[in-house]
Amino acid sequence: MARIGGVNIPTNKRVHIALTYIHGIGPFNAKTICNDLKISPERRVNELSDAEIIQIREFIDREFTVEGDLRRERAMNIKRLMDLGCYRGLRHRRNLPVRGQRTHTNARTRKGPAKAIAGKKK
């Protein structure tokens, strides 16, 4: 089992698909890695030699921010916005949509289940 970026990538999948299991590497970056290292994306992970796996691991460490470091960086960016007290930070703090979506009718994912208004009678 190949371990790259702190993740055990599946051995029976093709290389460019298996690389997307690493947080921070999507399909485009996975194909870029294969092209730069001259590894055929159609090859399976279990067909790679140890040298090729080490080469992939070193390339990812050198070129990309992945897994824990990326999660930590994103969390710090959100915390910075909240500490500044800017509009986006306030929206994060109140657990509301951040990017300008309407909240009058939608945004149930972010706001949670609808709450009945207590004491309102007709």
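**Entry 1: helix α2**

I began with the face of α2 that is turned away from its buried side, and there I found the exposed residues Phe28 and Asn35. I note at the outset that I am reading a predicted model, and I keep that in mind for each entry below.

I then looked up the opposite category in α2, which runs over residues 27–36, and listed Ala30, Ile33 and Cys34 as buried. Looking down the axis of α2, I see these buried residues fall within an arc of 95 degrees, so they line one face of the helix. I next asked myself which elements the buried residues of α2 pack against. The partners turned out to be α1, at residues 15–18, and α3, at residues 50–63. Before leaving this part of the chain I checked the backbone just after α2, where Lys38 takes a positive phi of about 55 degrees.

**Entry 2: helix α4**

I moved on to α4, which has 18 residues and reaches 26 Å from its first C-alpha to its last, a span close to the 26 Å expected at 1.5 Å a residue. Its buried residues are Glu67, Leu70 and Leu81, and, seen down the axis of α4, they fall within an arc of 85 degrees, so they line one face of this helix. On the other side of α4, I recorded Arg72, Asp83 and Leu84 as exposed.

For the buried residues of α4, I found packing against β2, at residues 7–9, and against α5. I also looked at what follows α4, and noted Gly85, whose phi is positive and near 80 degrees.

**Entry 3: the largest pocket**

I turned to the largest pocket, for which the computed volume is about 170 Å³. Which residues line the largest pocket? I wrote down Arg74, Ile78, Leu81, Arg88, His92, Val98 and Arg99. Sorting this lining by class, I have three nonpolar residues, one polar residue and three charged residues.

I then asked which helix gives the most to the lining, and the entry is α4, with three residues. Both α4, at residues 67–84, and α5, at residues 87–93, supply at least two residues each to the lining of this pocket.

Going back over my notes, I see that Leu81 is listed among the buried residues of α4 and is also one of the residues that line the largest pocket. I likewise find α5 in both places, since the buried residues of α4 pack against α5, and α5 supplies at least two residues of the pocket lining.

Methods. Residues numbered from 1 in each chain as written. Predicted model: local features only at pLDDT ≥ 70, side-chain atom pairs only at ≥ 80, totals over all residues. Heavy atoms only, no water. 1 Å grid on protein atoms, 1.4 Å probe; cavity = no way out; pocket = protein on both sides within 12 Å on 5 of 7 lines; lining within 4 Å. Points joined across faces, edges and corners; volume = space filled by probe spheres on them. Helix = DSSP H or I, 4+ residues; strand = E, 2+ residues; numbered from the N terminus. Nonpolar A, V, L, I, M, F, W, Y, C, P; charged D, E, K, R; others polar. Expected span 1.5 Å × (residues − 1). Buried < 20%, exposed > 50% of the residue type's maximum accessible area, 1.4 Å probe, protein only. Arc of directions from axis to C-beta. Contact = heavy atoms within 4.5 Å.
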